[in-house]
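Me: Please give me a close look at a single part of this model, beginning with its outward side. After that, I would be grateful if you would carry the same approach on to other parts of the chain.

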Amino acid sequence: MAKTISCPLHRNGLNPLRLHMPSSRHDVRRILATAQPPFETIAAARNEDSFRAQQLMKLGSVSEIALAELLDQANLKKEHLLTCASSFHMRQGRIRLSGEVMRLVVEAHESGEEVVAFTCVPEMWSVPELSWGECNNRRYKAQFRRWLERARVAQASGFIYSGFHGEWNGKRYQHHIHGIAVGEKAIKLRGLYGRFGLVKTDDIRAPLQIVDVPITEDLTDLAKWITYCLQSWWPYRALFVNAEGKVFRSRHRQRLPEAQHLEFLNFMARHGMGDLLFLNGIKLAKDRLIRI
C-alpha cells in the first residue's frame, strides 16, 4: 500500500488498514463485480475525493480548506488519507471489514446459526443539523447498546456487525443503523419491536426492519447486505405528501445539497471508522476480527 497521510481530525479507534485483505472467496470487489450497482471502483472513489476537495475549498473555513488540500495531495500522489471524509479511505476499510465479517458469517451459517440483516430508524435520532454536540455517534452507540442490554440481545450468543448511516430529507437528518446479526442475537433482536421509541410515525413507516439473509454459493446477497452496513456517503431523499395527505420518502437517492454536504464532510472528518461501527460479540484482534 502507498504511504498513509495523517489527517489532523482523525480520531483514534478501529483502524481497518490493520486487517488482512480478504481471500478471493470473501472479496466484495469480485463478488459484486457484475452486480447492479457494482462495488465502488478505485477511480470512482478518487473522483469523489476530488469533488469533495473542490466543495471544501469553495465553501469551507480555514480548517476545511486544509482538509481539501490533504485530499488533493493524497489523490495527486495516489496515497491514502486517513480520514472518514475520504471516499478512498472508506472504500479500503469497507473491503477489509466486509471480508472479515463475511468469513465469520459463513462460518456461523455452516454451524447452523441464523443470519439476519436489520435496519433500525429511531425517531429521536433526527436532527436539523450535524452539530458535534448534538449528533455525536458515541452517544448513539451508547443508547443502542442500552437497548440491546434491556432487550437481552447483548447477553445472547452470536454477534452483531453494524454501521451508522444518515440521510437528509430536506429539513432534517435522520440517523439510523444498518446491521447483520448472527445466532441468538438474530432471534432476540425482534424484541426491540415497539420498544424504546421504535414505533411508526408519519415520517418513519418502518422503525425496525429485520430480514433473513440467504447464504448462497456465490455470496452475492450477503455481500450486498454487509457492504450496506458501512457506507461512504449519505443521500438526499425528499419527503413529499400524496393526494391522501400521507407523507412518503422519495425512493430516488440524490447527492446532498452543498450546505448539507459540507456538514456531512465535517461530521465524517471528526469520526474514526470505529466510531461509525457498532460491534457486539466481535472485536478487532491484531489483523482480523474475532468472536468474543
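Reply: In this predicted model, Arg139 and Arg150 of helix α5 are exposed. They lie on the other side of α5 from its buried residues, which are Asn137, Tyr140, Lys141, Phe144, Trp147 and Leu148. These buried residues cover an arc of only 125° around the axis, and therefore they sit on the same side of α5. A general rule helps in reading such a pattern. Because an α-helix has 3.6 residues a turn, residues three or four places apart point the same way.

The length of α5 can be checked as well. The helix runs over residues 137–150, and its 14 residues should span 20 Å at 1.5 Å a residue; the C-alpha atoms at its ends are 20 Å apart, so the two values agree.

Just after α5 comes arginine 152, with a positive phi of about 65°. This is a positive value in a residue other than glycine. Arginine 152 belongs to the loop between α5 and β5 (159–168). Its relative accessible area is 51%, and because exposed means over 50%, arginine 152 counts as exposed.

Helix α3 (residues 62–77) can be read by the same steps. It has 16 residues and reaches 23 Å from its first C-alpha to its last, close to the 22 Å expected at 1.5 Å a residue. Glu64, Leu67, Ala68, Leu70, Leu71, Ala74 and Asn75 are its buried residues. Seen down the axis of α3, they fall within an arc of 160°, so they line one face of the helix. Val62, Leu76 and Lys77 are exposed on the other side of α3. The buried residues of α3 pack against two strands, β1 (4–6) and β2 (80–82), and against the helices α2 and α8. Just after α3, lysine 78 has a positive phi of about 60°.

The two helices α2 and α8 also meet each other. Two packed helices are described by the angle between their axes and the distance between the axes. The axes of α2 (residues 42–59) and α8 (residues 258–269) come within 10 Å and cross at roughly 105°. Because angles of 65 to 115 degrees count as roughly perpendicular, α2 is roughly perpendicular to α8. On the α2 side, the contact is made by Glu48, Phe51, Arg52, Gln55, Leu56, Lys58 and Leu59; on the α8 side, it is made by Glu258, His261, Leu262, Phe264 and Leu265. The residues of this contact comprise six nonpolar, two polar and four charged.

Before α2 there is a further backbone feature. Proline 37 lies in the loop between α1 (28–31) and α2, and the peptide bond that leads to it from glutamine 36 is cis, with omega near -5°.

Two more residues complete the account. Phenylalanine 196 has a phi near 55°, a positive value in a residue other than glycine, and it is found in the loop between α6 (184–188) and β7 (208–212). At 13% relative accessibility, phenylalanine 196 counts as buried, whereas arginine 152 is exposed. Arginine 103, in helix α4 (residues 87–110), is buried, with a relative accessible area of 15%. Leaving aside residues up to four places away in sequence, arginine 103 touches His26, Arg288 and Leu289.

Notes: Residues numbered from 1 in each chain as written. Predicted model: local features only at pLDDT ≥ 70, side-chain atom pairs only at ≥ 80, totals over all residues. Heavy atoms only, no water. Axes fitted to C-alpha atoms, helices over the stretch in contact; angles between N-to-C directions. Helix = DSSP H or I, 4+ residues; strand = E, 2+ residues; numbered from the N terminus. Parallel < 35°, antiparallel > 145°, perpendicular 65-115°, else oblique. Contact = heavy atoms within 4.5 Å. Nonpolar A, V, L, I, M, F, W, Y, C, P; charged D, E, K, R; others polar. Expected span 1.5 Å × (residues − 1). Buried < 20%, exposed > 50% of the residue type's maximum accessible area, 1.4 Å probe, protein only. Arc of directions from axis to C-beta.
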